[in-house]
Amino acid sequence: QAARVPSFIGAALQIINGAVFIGEGIMQGTGSFLPLAVGNIVATVGMITSLKLLATPETFGLTGVWLSFTIFNSIRFAAVALFYQRNGPLAPRNILKAERGI
């Protein structure tokens, strides 16, 4: 019974995890290691903070661990999405720069 909610959270996370792993793999392939590292550092800080707040027996316990893992992967997903929208080689502004020859 105690693992029912965490199992649903874990199943739902697979959608986010797949996108994160693909996005981070492409970032590694393009040599974008600094933005990848910064995103993971921010995600780690977010997870550690949420573990301290959510994963105690007085709060959510095991479900709090999985909620913290959700926060970790959501921050990683946001970092990947931000990279591709702003700074990545396929970001709209970088495509325009390449077309203009800048």
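Here are a few short exercises on this structure, each with a worked solution.

Before you start: this is a predicted model, where local features need pLDDT of at least 70, side-chain atom pairs count only at pLDDT 80 or more, and totals for chains, interfaces and linings use all residues. Residues are numbered from 1 along each chain as its sequence is written, and side-chain values use heavy atoms, with hydrogens and water left out.

**Exercise 1. The salt bridge**

Find which side chains meet in a salt bridge, and work out which helices they sit in.

Solution. Start with the count: the structure holds 1 salt bridge. The term stands for a side-chain nitrogen of Lys or Arg within 4 Å of a carboxyl oxygen of Asp or Glu. Here the partners are Glu24 and Arg76, at 2.7 Å from N to O. Next, place them: Glu24 is in helix H1 (residues 4-29) and Arg76 in helix H3 (residues 62-87), so the pair ties together parts that are 52 residues apart in sequence. Helices here are DSSP runs (H or I, at least four residues), numbered from the N terminus.

Last step: are the two partners buried or exposed? Buried means under 20% relative accessible area, exposed over 50%, and partly exposed in between (1.4 Å probe, protein chains only). Glu24 has 11% relative accessibility, so Glu24 counts as buried. Arg76 comes out at 8%, so Arg76 is buried too.

**Exercise 2. How H3 packs**

Work out how H3 runs relative to H1 and relative to H2.

Solution. Take H1 first. H1 and H3 pack at about 25 degrees, with their axes 9 Å apart. Axes are lines fitted to C-alpha atoms, for helices over the stretch in contact, and the angles run from 0 to 180 degrees between N-to-C directions. Angles under 35 degrees count as roughly parallel, over 145 as roughly antiparallel, 65 to 115 as roughly perpendicular and the rest as oblique. H1 and H3 are therefore roughly parallel to each other.

Now H2. Its angle with H3 is about 155 degrees, and the axes are 8 Å apart. That makes H2 roughly antiparallel to H3.

Finish with handedness. A crossing is left-handed if the near helix is turned anticlockwise from the far one by less than a right angle, and right-handed if clockwise. H1 and H3 cross left-handed, while the crossing of H2 and H3 is right-handed.

**Exercise 3. Val42 and its patch**

Say which residues make the nonpolar surface patch, then follow Val42 across to Ile75.

Solution. Leu34, Val38 and Val42 make a nonpolar surface patch of about 290 Å². Val42 is in helix H2 (residues 33-54) and is partly exposed, at 47% relative accessible area. Ile75 sits in helix H3 and, at 24%, is partly exposed as well. Along the chain, Val42 and Ile75 are 33 residues apart, and their C-alpha atoms are separated by 7.5 Å.

**Exercise 4. Three more stops on H3**

Decide whether Phe83, Val65 and Gly64 are buried or partly exposed.

Solution. Go one at a time. Phe83, in helix H3, has a relative accessible area of 5% and is buried. Its C-alpha is 9.3 Å from that of Gly23, 60 residues away in sequence. Val65, also in H3, is partly exposed at 34%; from Val65 to Leu51 the C-alpha distance is 6.2 Å, with their positions 14 residues apart in sequence. Gly64 lies in H3 and is buried, at 0%. The C-alpha atoms of Gly64 and Lys97, 33 residues apart along the chain, are 45 Å apart.

Notes:
Patches are made of residues with over 30% relative accessible area and no salt bridge: like charges are joined within 9 Å, nonpolar side chains (Val, Leu, Ile, Met, Phe, Trp, Tyr) within 5 Å. Accessible areas come from the Shrake-Rupley method with a 1.4 Å probe; for residues, only the protein chains shown count as cover. Helices (H or I, at least four residues) and strands (E, at least two) are DSSP runs, numbered from the N terminus.
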